[in-house]
Amino acid sequence: MLEEALFAALSPLVAGRVFPDVAPLDTPRPYITYQQIGGDAHSYIGKELPDHEHALVQLNVWADTRLQAAALRKLAEASLIAATAFEARPAAGPISQHEPDLTPPGYGTQQDFDIWTPR
């Protein structure tokens with residue numbers, strides 16, 4: 001399952017603080033969230049199921065500083081590309097984020113990945 005494979009690939013980077021969609025309130029930074037934001041659907045004329053599934057996954061890295069977020073994003077990208085449970089490649093470049101209302105303010109980086117997993 002994709003969620004388990006993402007957790008396994010990213011968990012060592014943030015001491016297990018990897019969450020689908022959103023992190024629990026007061027989660028210490030750094031942490032990573034992810035969500036599936038689409039993907040390509042595949043079907044065959046013969047009505048058999050494809051052996052792989054595609055997902056477009058948005059990865060969000062949160063840290064206390066911009067430099068920490070940028071460095072962690074690079075590590076996360078490398079971990080996804082090197083993972084053996086799925087095939088991943090960046091679908092877009094990173095986007096910087098800032099949440100001034102957090103205490104202390106948080107810095108993030110968002111990046112989308114094309115991921116193919118066995119069905």
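When I say two residues are in contact, I mean they have heavy atoms within 4.5 Å of each other. Keep that in mind for this one, which is a predicted model. Among contacts between residues at least 6 apart in sequence, 60% join residues at least 24 apart.

Okay, confidence next. The protein averages a pLDDT of 90, and 90% of the residues score at least 70. Strand E5, residues 95-99, is where confidence is lowest, with a mean of 91, while E1 has the highest, at 98.

Now the layout. We've got 2 helices and 6 strands, and if you walk from the N terminus the order goes α-β-β-β-α-β-β-β. There are 119 residues, and 39% of them count as buried. For the surface people: the accessible area is about 7,100 Å², and carbon and sulfur atoms account for 56% of that.

Let's go to the helices. Which residues of H1 are buried? In this helix, residues 2-10, they are Leu-2, Ala-5, Leu-6, Ala-9 and Leu-10. Looking down the axis of H1, those buried residues fall within an arc of 115°, so they line one face of the helix. Here's the bit of helix geometry to remember: an α-helix has 3.6 residues a turn, so residues three or four places apart point the same way. Over on the other side of H1, Glu-4 and Ala-8 are exposed.

Right after that comes Ser-11, sitting in the loop between H1 and E1. Is Ser-11 buried or exposed? Its relative accessibility is 14%, and the cut-off for buried is under 20%, so Ser-11 counts as buried. Leaving out residues up to four places away in sequence, Ser-11 touches Gly-16 and Val-18.

Helix number two, H2, covers residues 66-82, so to speak a 17-residue helix. From its first C-alpha to its last it reaches 24 Å, close to the 24 Å expected at 1.5 Å a residue. The buried list for H2 is Ala-69, Leu-72, Arg-73, Ala-76, Glu-77, Ser-79 and Leu-80. Notice that Arg-73 and Glu-77 are on that list. Around the axis, these buried residues cover an arc of only 165°, which puts them on the same side of H2. Flip to the other side of H2 and you find Leu-67, Lys-74 and Ala-82 exposed.

On to the aromatics. How many aromatic pairs are there? The count comes to 1. The partners are Phe-19 and Tyr-31, and the arrangement is edge-to-face: the centres are 6.4 Å apart and the planes are at 75° to each other. This pair links distant parts of the chain, 12 residues apart, with Phe-19 in strand E1, residues 18-20, and Tyr-31 in strand E2, residues 31-38. Phe-19 is buried, and Tyr-31 is too.

Last stop, the tail end. Arg-119 lies in the segment after strand E6, which is 106-118. With a relative accessible area of 51%, Arg-119 is exposed, since the cut-off there is over 50%. And where does Arg-119 sit relative to Leu-2? Their C-alpha atoms are separated by 9.3 Å, although the two are 117 residues apart along the chain. Leu-2, remember, is one of the buried residues of H1.

Note on methods. Residues numbered from 1 in each chain as written. Predicted model: local features only at pLDDT ≥ 70, side-chain atom pairs only at ≥ 80, totals over all residues. Heavy atoms only, no water. Buried < 20%, exposed > 50% of the residue type's maximum accessible area, 1.4 Å probe, protein only. Helix = DSSP H or I, 4+ residues; strand = E, 2+ residues; numbered from the N terminus. Arc of directions from axis to C-beta. Phe/Tyr/Trp six-rings, centres within 6.5 Å; stacked < 30°, edge-to-face > 60°. pLDDT = per-residue confidence, 0-100. Expected span 1.5 Å × (residues − 1). Areas by Shrake-Rupley, 256 points an atom, 1.4 Å probe, with all protein chains shown as cover.
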